[in-house]
Amino acid sequence: MKCWSVLLIAFLSFSSAALLEPALVEQMARCDGDEKLPVIIALNEQLDAENIIRTIKNKQQRWEVTVSRLKQMAETGQAGLLAELRSFEAAGKVAEIVPMWIVNAVYCEATPEVIQKIAERPEIWLIQWDKIASPNILNVAPATAAGDVTAGSFTVEWNVKKVKADSVWYVYGYTGEGVVIGNIDTGCDYNHSDLASHMWTDPNYPYHGWNFEQNNNNPMDQHGHGTHTCGTNAGDGTAGDTTGMAPKAKIMTCRTKTSLNPPLPDTIAENTVMRSMEFCVAPPLSPHNHAHVLSMSLGWVPSWNPRRSLWRHCVTNVAAAGLAYFIANGNEGASNPPYNVRCPGDVPGPWKHPAEPPGGLGGAISIGATDANDNIASFSSWGPVSWDTVHPYLDYPYPPGLFKPDFSAPGVNVTSTRLGGGYTQMSGTSMATPCAAGIAALMLERNPNLLPEEVSEIMQNSVLPLGTQPKNNTYGTGRIDAMLCIQNTPLPGAMHDVAMGTVLAPADKIEPRTPLAPQVTVRNRGTFAEPNVVVYCKVESLGTVIYNENVTIPLLDSAATDTVTFPNWNVGPGSQTYNLTFWH
């Protein structure tokens, strides 16, 4: 393991024996010797992104360190591999060589002979086929209501009102201005009247992003899904319906490969999604003009055997670079845990909820879908998920596994922008995810310095609580509330700001005559270490105070979270209602 300076930036190394994944071996056996197969070649050396998340708390420094280290690692570590690949390219046995740095890997098309040769290199971790069967890679549920609307009615859509994003605009004035949302999807109709005036701009990218499906600079949507999710991110209502949570945010669009033409099965070229992530973190020609938050409404179901370890590296690297990453939980609500949630939505988040079991950090803030009545959508995937068999992580064994989703947002019969103009309805966790990303854009306008772990913590604690609390595998913590998100987002700059966190005990229903220790978390969101923080707990029943205790935290460091456990409260007999109040 190498370490870099006092910042303790480390790289991880794996076994020197390269793995040819089974799907690739099967394809190699089927093709003739001259056919070139699309592959991703991953190297042993990978960034220890978790260490960056835990140790670097300055957002700009995080971005600079992460991007520079990822690029440096790729440049030096891939040099010998690229030289050999290019020699095979000259012999006509390799084509389309694309080095990547969001994860230390190279995409190319190579003959079986070359693949076998490359697998012998000591620096290679694994080689995988870059296409897997993936019907409905986009997280869209079957239509439950009729669709297209050619003109709006100058309204704010129901999901915007439900999460109170419109209240944020009118009460606080935050509309996402100055925040760039990176949308990874089927592209975007950047000419749509509700989107055209606030697409991301850069002189090096005249069409507001990149088309990784066709490898050109024009990410115009050809499907409609991406235009719909962009509209939920930031549709401004110019044509009549305000569909976006952050109507003045800018949209950076990355078009990925999502399907082949029928009758061939749907496939996904994974490298196009990884390169989209790379683009959002640092566009090649304008690296500092990057996105601030990512929205991705696609994923791989476990039965397709996605490369979970590689995805976890990618997604965690995004969080290490300082970008909050919202990913759809999936539409497989009828499946069984722990193989229900789509990858990479199954990756751990950048912030660990106190109710979650021990395990590592990641970068996925995973979103479930609710309807207009705050019921969970029948299709919305539910957790928990497990990583106990995935090297090198081997964490979150099931049971109990890791809670997923993290929280939920409206995703049933959502009206948003339609490819070609007007509006259309869709349902899915695809529709819930851009809602969450748009609300994060409102928060980032208020405080651009928020790190992904802070965004995740604030949002998980800024919900209408639904399901078993403090967190469950159906809703996460509950349905997101944009007003609470803003109220719980601190302003930037030096300040004292100690906040109550999650109530860990008691539950909403408790057994009578049972000794119970109330427990709550306290977070120092300020920039000063706070001495002698006194935390109180009071229990009342029928207007009578029956329990009143306090506990002192000797010192609560900046950005630290502490768990406070109070002395036992002896729960009274019979069925009655208690009101508990915690404060500091």
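Buried means under 20% relative accessible area, exposed means over 50%, and partly exposed is what falls in between, with a 1.4 Å probe and protein chains only. We're working on a predicted model, where local features need pLDDT of at least 70, side-chain atom pairs count only at pLDDT 80 or more, and totals for chains, interfaces and linings use all residues. Residues are numbered from 1 along each chain as its sequence is written, and side-chain values use heavy atoms, with hydrogens and water left out.

**Exercise 1. Take the residues Y396 and N305, and work out which is buried and which is exposed.**

Step 1: start with the backbone. Y396 has a positive phi of about 55 degrees without being a glycine, and N305, also not a glycine, has a positive phi of about 60 degrees.

Step 2: place them. Helices (H or I, at least four residues) and strands (E, at least two) are DSSP runs, numbered from the N terminus. Y396 sits in the loop between β18 and β19 (407-410); N305 belongs to the loop between β16 (293-296) and α10 (308-320).

Step 3: check accessibility. Y396 comes out at 2% relative accessibility, so it's buried. N305 has a relative accessible area of 57%, so that one is exposed.

**Exercise 2. Find the strands that β4 pairs with, and say how covered β4 is.**

Step 1: get the rule. Two strands pair if DSSP finds at least two bridges between them.

Step 2: apply it. β4 (residues 37-43) is joined to β7 (residues 105-110) by six bridges, running antiparallel; there, V39 has C108 as its bridge partner. Five bridges, again antiparallel, link β4 to β8 (residues 124-129), where I40 stands opposite Q128.

Step 3: look at the two faces. L37, V39, I41 and L43 point one way, while P38, I40 and A42 point the other, and all are buried. That's seven of seven residues in β4.

**Exercise 3. Describe the open sheet that contains β27.**

Step 1: write down the order. Three strands run β28-β27-β31, with antiparallel pairing.

Step 2: find the edges. β28 (544-556) and β31 (579-583) each have a single partner strand, so one side of each has no neighbour in the sheet.

Step 3: add the twist. From one strand to the next, it averages 15 degrees, using axes that are lines fitted to C-alpha atoms (for helices, over the stretch in contact) and angles from 0 to 180 degrees between N-to-C directions.

Step 4: zoom in. β27 (residues 530-541) and β28 pair over 11 bridges, and K538 has N548 of β28 as its bridge partner.
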